[in-house]
Amino acid sequence: MPKKGGLLGRPVKLDYYDDQTNPSLVPGIYTKLLDVDKVDLVISAYGTNVTAPALPVVIQHNMTFMGLFAMDVNEEFHYPKYFSMLPVGPDPRAAISEGFFEIVKVNRDKLGLKTIALAVDDGEATRNTADGARVNIKKAGLNVVYDKTYPPTTTDFTPIIRAIQATNADIVYIASYPPDSVGLIRAMHEIGLNTKVCCGTMTGPQSTSIKTSLGPLLNGIITFDFWLPAPTLRFPGVMEFLERYQAQAGSKGVDPLGYYLAPWAYADLQVLGEAVEQSKSLDQDKIADYIRSHTFKTVIGDVEFGEKGEWKKARLMTVQFQNIAGTSVDNFRDGKGEVVLWPDAYKVGEPILPYSSVKH
């Protein structure tokens with residue numbers, strides 16, 4: 001938007017405060033932004049845990065609110081001016097693990113998949129995704145042999161992996177945040193996790209910093225992703241955007257590739273900016289009405305919003321890390337090392353199973 005000269009003929013200034021990824025700080029920050037700074041437009045920070053506590057404050061101020069990678073935070077409120085930049089569709093909780101369980105079903109007979117163990121971080125987003133996973137588990141007819149949450153403050157994950165190992169589960173499903181994912185994956189290799197399919201909906205391995213910290217330890221893991229520069233996903237404008245982003249990223253100490261979050265944050269503001277320009281207004285009702293009634297051409301493809309402000313149609317990917325040899329960025333550039341398994345429209349390869357065949 002600044003490159004285009006602003007909005008409605010006015011320059012755009014970004015006001016922000018560091019929430020330290022601490023949900024308890026969020027309501028105060030948004031209250032200050034809206035009551036003291038008197039911002040004209042408001043968007044969320046990254047993730048469910050800091051978007052959820054912002055939403056009630058935004059509702060009180062009757063503002064349009066764009067959420068970024070927030071899992072089903074409008075389920076309770078059904079606030080008509082909330083819109084989610086997360087491609088999980090009208091059934092977000094189940095959608096994020098749907099592809100994982102589709103792969104399980106395809107390989108059930110060949111691998112003898114009957115039992116599953118679940119380990120879930122006791123945070124809002126991970127609890128929500130695990131709720132959806134349990135729906136998919138029931139549909140798949142699997143027997144749950146372990147289902148426990150762990151505190152977000154957990155740092156030693158070996159007891160969790162040992163307890164899962166003791167069940168001899170055919171499938172391991174993990175709903176985790178980035179720090180947990182790193183600890184769990186290292187514990188899985190330390191112990192030598194013996195299972196056939198792993199790991200569900202781990203958040204973290206999608207980001208470059210975690211990819212390069214774990215390198216070959218990621219091999220064999222099946223999880224979700226939202227976008228990769230695979231040939232089937234190169235939507236108009238996205239590679240040009242990433243070229244501009246990557247040219248600046250190195251000097252600013254941020255994700256050097258930017259595949260996981262950068263295009264989505266940009267698309268978030270593409271939607272909001274278009275709504276302001278086309279409605280020719282900062283009136284929150286007019287902005288929300290425009291967003292609700294239009295399809296947006298963005299760098300991550302066409303975006304259309306439906307019930308609860310979620311996407312009308314889900315567009316998730318299930319991927320597996322394969323053939324990663326080292327920890328340099330080049331092991332992951334242009335989507336290398338991450339093979340799209342599902343859905344068929346974006347599929348580029350087949351899963352390598354069982355997981356226990358991966359060298360620990």
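Reader: Where is Pro-354 found in this structure?
Author: In this predicted model, Pro-354 is found in the segment after β12, and a cis peptide bond joins Leu-353 to Pro-354, with an omega of about 0 degrees.

Reader: And which residue does a cis peptide bond join to Pro-343?
Author: That residue is Trp-342, and omega for the cis bond between Trp-342 and Pro-343 is about 5 degrees. Pro-343 is likewise found in the segment after β12, the strand that covers 338-342.

Reader: Ok, changing topic to pockets: what lines the second largest pocket?
Author: There are 13 lining residues, and those that lie nearest the centre of the pocket are Val-106, Asn-107, Lys-347, Glu-350 and Pro-351. The volume of this second largest pocket is about 260 Å³.

Reader: Which element gives the most to that lining?
Author: Helix α4 gives the most, with six residues, while α4 (92-111) and β12 each supply at least two residues of the lining.

Reader: How many of the lining residues are nonpolar, polar or charged?
Author: The lining of the second largest pocket divides into seven nonpolar residues, one polar residue and five charged ones.

Reader: What about the loop before α4, is Gly-89 buried or exposed there?
Author: Gly-89, which lies in the loop between β3 (82-85) and α4, counts as buried because its relative accessibility is 0%, and the cut-off for buried is under 20%.

Reader: So what does Gly-89 touch?
Author: Leaving aside residues up to four places away in sequence, Gly-89 touches Glu-310, Trp-311, Lys-313 and Ala-314. The C-alpha atom of Gly-89 is also separated by 8.1 Å from that of Gly-306, although these two residues are 217 residues apart along the chain.

Reader: Now the inside: which residues touch the most other members of the largest nonpolar core?
Author: In that core of 79 residues, they are Met-85, Met-188, Phe-226, Trp-264, Ile-291 and Phe-305. Helix α10, residues 262-279, gives the most to this core, with seven residues.

Reader: What are the contacts of Phe-305?
Author: Not counting residues up to four places away in sequence, Phe-305 touches a list of residues that includes Met-66, Phe-83, Met-85, Val-271, Ile-291, Phe-296 and Trp-311, and also Ser-84, Arg-292, Glu-310 and Lys-312.

Reader: Which residues does the second core include?
Author: The second core is separate and has 22 residues, among them Phe-100, Phe-101, Leu-111 and Ala-175.

Reader: Going back to the start of the chain, which residues of α1 are buried?
Author: In α1, which spans residues 26-36, the buried residues are Val-26, Ile-29, Tyr-30, Leu-33 and Leu-34. They line one face of the helix, because, seen down the axis of α1, they fall within an arc of 120 degrees.

Reader: Why do residues three or four places apart point the same way?
Author: An α-helix has 3.6 residues a turn, so residues at that spacing point the same way.

Reader: And what covers the buried residues of α1?
Author: The cover includes β1 (42-46), α2 (48-51), α3 (55-60) and β2 (65-68). As for what comes next in the chain, α1 is followed by Lys-38, whose phi is positive, near 55 degrees.

Reader: Which residues in the segment before α1 have a positive phi?
Author: Leu-8 and Gln-20 are both found in that segment. Leu-8 has a positive phi of about 55 degrees although it is not a glycine, and the phi of Gln-20, also not a glycine, is positive and near 55 degrees.

Reader: Is Gln-20 buried or exposed?
Author: Gln-20 is exposed, with a relative accessible area of 58%, whereas Leu-8 is partly exposed, at 34%.

Definitions and conventions
Residues are numbered from 1 along each chain as its sequence is written. This is a predicted model: local features need pLDDT of at least 70, side-chain atom pairs count only at pLDDT 80 or more; totals for chains, interfaces and linings use all residues. Side-chain values use heavy atoms; hydrogens and water are left out. A nonpolar core is a set of buried Ala, Val, Leu, Ile, Met, Phe, Trp, Tyr and Cys residues joined through side-chain atoms within 4.5 Å. Buried means under 20% relative accessible area, exposed over 50%, partly exposed in between (1.4 Å probe, protein chains only). Helices (H or I, at least four residues) and strands (E, at least two) are DSSP runs, numbered from the N terminus. Contact means heavy atoms within 4.5 Å. The arc is that of the directions from the helix axis to the C-beta atoms. On a 1 Å grid over the protein atoms alone, a cavity is a set of points where a 1.4 Å probe fits but cannot get out, and a pocket is an open set with protein on both sides within 12 Å along at least five of seven lines; lining residues have an atom within 4 Å of a point. Grid points are joined across faces, edges and corners, and a volume is the space filled by probe spheres set on the points. Ala, Val, Leu, Ile, Met, Phe, Trp, Tyr, Cys and Pro count as nonpolar, Asp, Glu, Lys and Arg as charged, and the others, Gly among them, as polar.
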